[in-house]
Amino acid sequence: MPTFTINGPPVPFARAGANGKRRFTPPKQKAAMTAIRYVAKPHFPKPMEGAIRLTVVATFALPASASRAEKARRLASGHTQKPDADNIGKLVKDALNDVAYYDDAQVSELIVRKVWGHAAQTQVTVEPCPAPPAVP
């Protein structure tokens, strides 16, 4: 069950930019995907096969200007601001293609949490998905 951490603020998947008729991946997104692949590669000698459970915990740094009470309140609750959890999960899922698994279609369970913390980071766990219960 490989678990790894990408330091820095979580980056969401973004729509492709356009320059006339040419479409391109935004540079921030491309850099984030490269960083995820770089950190993940040593954990996977070869891509996993079968159904995958992907767990992503996106930690956002508390504002330095927040009071102690405000920091305590935020730590006790989830992160409810942008970016959306599904966009963070999509970026991580796409970045791990051909590294953790052969194709992101193998991800049958995706868990994404957004939380407040003292340092901005994204923790990722990739594991085989347990077999679903038998249907009567």
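**Long-range contacts and the mixed sheet of the protein chain**

In the protein chain, 84% of the contacts with a separation of 6 or more are accounted for by residues 24 or more positions apart. The model in which these contacts were computed is a predicted one. The protein chain contains 3 helices and 6 strands, and the order of these elements, read from the N terminus, is β-β-β-α-β-α-α-β-β. Along the principal axes, the C-alpha atoms of the protein chain fill a box of roughly 50 × 50 × 35 Å. Of the 136 residues in the protein chain, 38% are buried, and the accessible surface amounts to about 8,500 Å², with 56% of that surface belonging to carbon and sulfur atoms. The charges of the protein chain comprise 19 positive and 10 negative ones, and the mean positions of the two sets lie 10 Å apart.

The sheet was examined next. An open sheet is formed by 4 strands, which follow the order β1-β6-β4-β5 with mixed pairing. Its edge strands, each of which pairs on one side only, are β1 (3-7) and β5 (107-117). From one strand to the next, the twist averages 15 degrees. In general, the strands of a sheet pair through backbone hydrogen bonds, and the pairing is either parallel or antiparallel. Both senses occur here: strand β4 (residues 52-61) is antiparallel to β6, with 8 bridges between them, whereas β4 and β5 are paired in the parallel sense over 10 bridges. At the β1 edge, β1 and β6 run antiparallel and are joined by 5 bridges.

Individual bridge partners show how the strands are aligned. Across the pairing of β1 with β6, Ile6 has Thr122 as its bridge partner in β6, and Asn7 is partnered there by Gln121. Gln121 in β6 also stands opposite Thr59. Arg53 likewise has two partners, since its bridge partner in β6 is Glu127, while in β5 Arg53 stands opposite Glu109. Strand β4 is mostly covered, with 9 of its 10 residues buried.

Thr122 illustrates the surroundings of one position in the sheet. This residue is found in strand β6 (residues 121-128), and its relative accessibility of 7% is the reason why Thr122 counts as buried, the cut-off for that class being under 20% relative accessible area. When residues up to four places away in sequence are not counted, Thr122 touches Phe4, Thr5, Ile6, Gly8, Pro10, Val56, Val57, Ala58 and Val92. Among these contacts, Ile6 is also the residue whose bridge partner in β6 is Thr122, and Val92 is one of the buried residues of α3.

Helix α3 (85-95) is therefore considered together with the sheet, because Thr122, buried at 7% relative accessibility, touches its residue Val92. In α3, the buried residues are Ile88, Gly89, Leu91, Val92, Asp94 and Ala95. The cover over these buried residues includes α1 (27-40) as well as the strands β4, β5 and β6.

The loops on either side of α3 each hold a backbone feature of note. Pro83 lies in the loop between α2 (68-76) and α3 (85-95), and the peptide bond that leads from Lys82 to Pro83 is cis, with omega near 10 degrees. Asp98 lies in the loop between α3 and β5, and although Asp98 is not a glycine, its phi is positive, at about 65 degrees. With a relative accessible area of 48%, Asp98 is partly exposed, because residues count as exposed only when this value is over 50%.

Arg73, placed in helix α2, is likewise partly exposed, at 48% relative accessibility. The C-alpha atoms of Arg73 and Ala119 are separated by 16 Å, the two residues being 46 residues apart along the chain.

Key
Residues numbered from 1 in each chain as written. Predicted model: local features only at pLDDT ≥ 70, side-chain atom pairs only at ≥ 80, totals over all residues. Heavy atoms only, no water. Helix = DSSP H or I, 4+ residues; strand = E, 2+ residues; numbered from the N terminus. Buried < 20%, exposed > 50% of the residue type's maximum accessible area, 1.4 Å probe, protein only. Contact = heavy atoms within 4.5 Å. Areas by Shrake-Rupley, 256 points an atom, 1.4 Å probe, with all protein chains shown as cover. Lys, Arg positive; Asp, Glu negative; His and termini not counted. Charge placed at Lys NZ, Arg CZ, Asp CG, Glu CD. Pairing = 2+ DSSP bridges. Axes fitted to C-alpha atoms, helices over the stretch in contact; angles between N-to-C directions.
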